[in-house]
Amino acid sequence: MGPDIKRRRLLPWAVVGLWVVVIAVAAMFAGKLSDVSRDEAVDYLPASADSTHVEKVRQELPGGETTDLIVVYHRDGGLTAADRTTAGEQLARVAAEQKLTAPPKGIPSEDGTLLMYPIASAVPDEPGIDKEAVQIAFVEDVRALTTEGGGSGAGGGGSGLDIEVAGAGAVQSDMEAVFESIDGTLMMATVLVVAVLLIITYRSPFLWIVPLFVVGAAAVSSMAVVYGLVQAFDTVVSSQSSAIMTVLVFGAGTDYALLLVARYREELRRVPAPYEAMRIALRSCGPAVLASSGTVAAGLLCLMAADLNSSSGMGPIAAIGVVCALVAMLTLLPAILVLLGRRVFWPLIPAYGSEGKQRRSFFAAMGTSAARKPVAVLATGLVVLGALALGVLNLPGALKQEDGFIDRPESVVGMARLADAFPEQSAQPISIMAPDDKAGAALDTARSVSGVAEAERGRSGGGWTEITVFAKDAPESAGETATIERLRSTLDDETYVGGPSAQQIDLADTNARDRLYVIPLVVVAVLLILIALLRSLVAPLMLVFAVVVVWGASMGIGGLVFEPLLGFAGMDPGLALLSFVFLVALGVDYGIFLMHRMREEALKGAEPEVAALTALRTTGGVIASAGVVLAATFGVLASLPLVMLVEMGLLVAVGVLLDTFLVRTYLVTSASVLLGRKVWWPGALSRQPAAPRSGGAQGGPGDQDGPGDREREPVGTGA
């Protein structure tokens, strides 16, 4: 047995063995990622905003950070004496069993239907304390104590007395409870969706298991790597960024698997040995897969330039997921496929020397129609996308915190009752943090600002004094927003204004600024990678323009769907930026696969129109399968109970489908036909026909008959 044969036999086993060790080690740490995920307010706020500074200072005040709640008692016909007695007794138990910052004091509404008790508890600022767990426990304890002897929480207990625990702390607790339920639900739903689509695509009872197992290994590895970053560098991981990373690993990883398996199957017909077929497949489609993953990773890393903590933190975490998916698909997947041999494709086994059934495919027909009337096709497509983009004029405003849930929890119900019962005053405080020597002046100034109902001095410590302000207008209303802006413009520069409503203002402002910086950065990064891969300026500009148009059309569809059809009261402020990064980076993926194959055909001497149509015919099927898988994985987000994730999932899924079935098939193809050799300007391909290459396997990633084509090949074995 020669050394080359030994290497062919041993290398796949060595790769699998190495991955077994990696998975075993990674599994010990991957499950711990959820334990170190953080969803505190500062983890989602702008790094340089006033409200972020206030939140950080509040954590350093005596007693540490506080959890602010409002216990709400409500009866439609008016509270009875027994109701007030019940409320007093329950709050007395709360005060006795919980360490409150001040004794509870009831505040009745003018119409006598509601009584509210604002309370707060300090979170110990001690090493090893899980602040989120302490805050959640406090909320749960208060809810348990206020359901004894009276109503039974939200909706009451049939006595007509409704009791809700509301306030910023309760809303945050309900939000974290939703986040805790996301990980398991998201993983199971994603695995199920990918498994079903792979079975449909491969039409094999066995083949789908291999890429699904490999992408699972990539997911476990990525979670372990991110956990290591948290331990080593105190990297902040939120539940949102963890969820997005999971979706990207499964979506991008499955895409790479589809491309590699398609090319490997093609080579098995030409080459007798699976090892050699895989080597050719990797050599042929590897550059495109590397470039596509590099584009996605580069686009995601551009998020690090964002000022918003949740966006800047998501960039490297999501990029890690993409890189782990790439490594797994280019090492573990090929090794397993080679070891299993042709039999893994049963019953449609690609026997050596056989030919796939030749027939006019769906994508060949689409390409022919685009080439026949390229101007009409291109103009019609752009008009359709432009018309869809007009829907952005109907996008809802910024999403309020209480509107972020699909199903309204108890905290949101209570806040709505407070807004109805106290229309003349907000029940949500505005926090002012002033230096001790300027606290008195800040208090006097705050009381004099138009729109302020009341202001009082709070805690002091570390050189800072907290002033609590209540506005006359409802939380996150235009009136309260104006009041916060007046406070910021009137108070001293060393005094900061924060609180839940101020945080929402800062989120919207910072997202607007981040878009101005990050979007151009993403475009430049993607262009540079495309220029290096395609050795052209025109083709990269065309691809980037195409995905930007897709993003605009997707946002327009959001405007037509979010509020009119789904009833969402607002849009997450960070949605525009994140959806742009995902759609541009992921959308360019498919452009790379198409244009890379088109360039290979041109290098073989094909005329521009022939090269474009051949590229669409040979890669259209696998690109369509990959696009459907990616759209479906992001669509899983739409099943989660948070509006921001539903909006994200819908936008990206719709954008990927538009890109896959309209832009790549019709618009890019028709534009390439119109431009001819100019599409490769200023490269050598734009100046003269290339001489046909000789020797070696030709073709690009994704050679296949398409997802709907059937193979008629003899069943065979052989590894």
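Hi everyone. Let's start with a helix: α3, residues 50-60, lies across β5, β6, β7 and β8, and it runs at about 90° to β8. A second helix, α15 (residues 478-490), packs on the sheet as well, touching β5, β6, β7 and β8, and its direction makes about 5° with that of β5. Please keep in mind throughout that this is a predicted model.

So what is the sheet under these helices? It is an open sheet of four strands, in the order β6-β7-β5-β8, with antiparallel pairing. The edge strands, each pairing on one side only, are β6 (452-461) and β8 (496-498). On average, neighbouring strands here are turned by 25° against each other, ignoring direction.

Let me take you to the strands β5 and β7. How many bridges join strand β5 to strand β7? There are six, between residues 430-435 of β5 and residues 464-471 of β7, and the two strands run antiparallel. If you'd like one pair to find on your screen, I430 has V469 as its bridge partner in β7.

Now for a residue in helix α3, namely V54. Is V54 buried or exposed? V54 counts as buried because its relative accessibility is 1%. Not counting residues up to four places away in sequence, V54 touches S431, M433, Y496, V497 and G498. Look at Y496 in particular: V54 and Y496 are 442 residues apart along the chain, yet their C-alpha atoms are separated by 6.3 Å.

Next, a charged residue to click on: E466, which is found in strand β7. With a relative accessible area of 6%, E466 is buried, since the cut-off is under 20%. Which side chains does it meet? The side chains of E466 and R58 are joined by a polar contact of 2.9 Å. There is also a polar contact, at 3.5 Å, between the side chains of E466 and S431. Leaving aside neighbours within four places in sequence, the contacts of E466 include L61, I432, M433, E456 and R459.

Let's move on to the cores. The largest nonpolar core has 174 residues, and F582 and M595 have the most contacts inside it. Helix α18 (residues 575-603) gives the largest share of this core, with 20 residues. What does F582 touch, leaving aside its neighbours within four places in sequence? F582 is in contact with I244, L248, L300, M314, G587, F634, M648 and V652. Apart from that core lies another one, of 19 residues, and among them are Y73, L100, V142 and A170.

Finally, let's zoom out to the whole chain. It has 20 helices and eight strands. Of its 719 residues, 58% count as buried. Among contacts with a separation of 6 or more, 80% are between residues 24 or more positions apart. As for the outside, the chain exposes about 27800 Å², and carbon and sulfur atoms supply 62% of that area.

If you want a short tour later, begin at V54 in helix α3, go on to E466 in strand β7, and end at F582 in the largest nonpolar core. Thanks for listening!

Key. Residues are numbered from 1 along each chain as its sequence is written. This is a predicted model: local features need pLDDT of at least 70, side-chain atom pairs count only at pLDDT 80 or more; totals for chains, interfaces and linings use all residues. Side-chain values use heavy atoms; hydrogens and water are left out. Buried means under 20% relative accessible area, exposed over 50%, partly exposed in between (1.4 Å probe, protein chains only). Contact means heavy atoms within 4.5 Å. Accessible areas come from the Shrake-Rupley method with a 1.4 Å probe; for residues, only the protein chains shown count as cover. Two strands pair if DSSP finds at least two bridges between them. Axes are lines fitted to C-alpha atoms, for helices over the stretch in contact, and angles run from 0 to 180 degrees between N-to-C directions. A nonpolar core is a set of buried Ala, Val, Leu, Ile, Met, Phe, Trp, Tyr and Cys residues joined through side-chain atoms within 4.5 Å. A polar contact is a pair of N or O atoms within 3.5 Å; within protein, one must be able to donate a hydrogen and the other to accept it, and residues adjacent in sequence count only if both atoms are side-chain atoms.
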